[in-house]
Each structure stands twice: as structure tokens, then as C-alpha cells.
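Thanks for making time this morning. I would like to walk you through one model, beginning with its salt bridges and ending with the overall picture, so please have the structure open as I go.

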Amino acid sequence: NEELRRRLREIAAEKEELSGRLTAAGREKEELIDELAFSNTQLVCENERIAQELSTLRTEKDSARQVIEGIRRLHQLHDSIHSEESRQLIDEDRKSRYLHQTRLHDFHIKSCLGQSTTNKRGRYGC
């Protein structure tokens, strides 16, 4: 009988120790849950901040693309205008040379017809 009582006291002491350990483990579990909840809240906030920053960057990227496209169009327009101006200058130069040659030819013909023998420098006479 004494052996059973001693064994019961040991079991009761063991039960008390396990109960204390279980209570401590429960508190530790609650603390860990609180830490996880806090960490999760921080992560959610960080994810929202990153999502907002990403959205801003995408908007800026789209704006930059539009600016680049506008610049590209301006370059094309500039090249087109420059090309047109060059063509007009070439045409004007050709017309000028043609008119000059025509005047020289007319002067030469008039010289040969006796209206004039030479120009100021003595050229283009017959």
C-alpha cells in the first residue's frame, strides 16, 4: 500500500510538472502566434508598399515610353524636314545654275549677233 501511495505521489508530482510545462508551452505558443501575427502584418504592409512602388514605376515606365516615342517622332519629322529642305536647296541650286547658264548663253548669242562683243572682262565674245 505504501508503495502505491509513493507511486501516486510520484505520478501526481510528474503530472504537476507536466502541467506546468504544458502551461509554459501554451504561453510560448501564444507568444509565437503573436510574433507571427506581427511579422505577418509587417509583411502585408511591406507587400502593399512594394506593390504601390511597382505601380508607380510602371506608370513612370509608360510615361518614359511615351516620351521616347515622342522624341522618335520628332527625330523623324526633323529628318523629313531636313530632307525636304535639302531637296529644295538642291532644286534651287539647279535652277540658279540653269538660269546662269541660260544668261551666259543668251549673252554669247547676243555677242555673236553684234549687239555686244564682250562682257566686262572680255569673255564670251565670238
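Let me start with the count: a search across the whole structure, which I should stress is a predicted model, turns up 13 salt bridges. I will take a few of them in turn.

The one I would look at to begin with joins Glu69 to Arg72, where the closest N and O atoms are 2.3 Å apart. These two residues sit 3 apart in helix α1, and therefore about one helical turn separates Glu69 from Arg72. As for their surroundings, Glu69 has a relative accessible area of 25%, so it is classed as partly exposed, and Arg72, at 39% relative accessibility, is likewise partly exposed.

Glu69 has another partner, namely Arg73, and for this salt bridge the closest N and O atoms are 3.4 Å apart. Here the spacing within helix α1 is 4 residues, which again comes to about one turn of the helix. Is Arg73 buried or exposed? With a relative accessibility of 51%, Arg73 counts as exposed, given that the cut-off for that class is over 50%.

Further along the chain, Arg94 forms a salt bridge with Asp91, and the closest N and O atoms there are 4.0 Å apart, a value to be read against a criterion of within 4 Å. Arg94 and Asp91 are 3 residues apart in helix α1, so about one helical turn lies between them. Their exposure can be given for each side: Arg94 counts as exposed at 53% relative accessibility, whereas Asp91, at 27%, counts as partly exposed. Salt bridges can also share partners, and in this model such sharing links Glu3, Arg6, Arg7 and Glu10 into one network.

Now to charges outside the salt bridges. Which residues gather in a patch of negative charge on the surface? They are Glu28, Glu30, Glu31, Asp34 and Glu35, and of these I would point to Glu31, which lies in helix α1, the helix that spans residues 2-112.

Finally, the overall picture. The protein chain has 1 helix and 0 strands, and of its 126 residues, buried ones make up 1%, where buried stands for under 20% relative accessible area. The accessible surface of the chain comes to about 11,700 Å², and carbon and sulfur atoms account for 56% of that area. I will stop there and take questions.

Terms used: Residues numbered from 1 in each chain as written. Predicted model: local features only at pLDDT ≥ 70, side-chain atom pairs only at ≥ 80, totals over all residues. Heavy atoms only, no water. Patch = residues over 30% accessible without salt bridge, like charges linked within 9 Å, V, L, I, M, F, W, Y side chains within 5 Å. Areas by Shrake-Rupley, 256 points an atom, 1.4 Å probe, with all protein chains shown as cover. Salt bridge = Lys/Arg side-chain N within 4 Å of Asp/Glu carboxyl O. Lys, Arg positive; Asp, Glu negative; His and termini not counted. Charge placed at Lys NZ, Arg CZ, Asp CG, Glu CD. Buried < 20%, exposed > 50% of the residue type's maximum accessible area, 1.4 Å probe, protein only.
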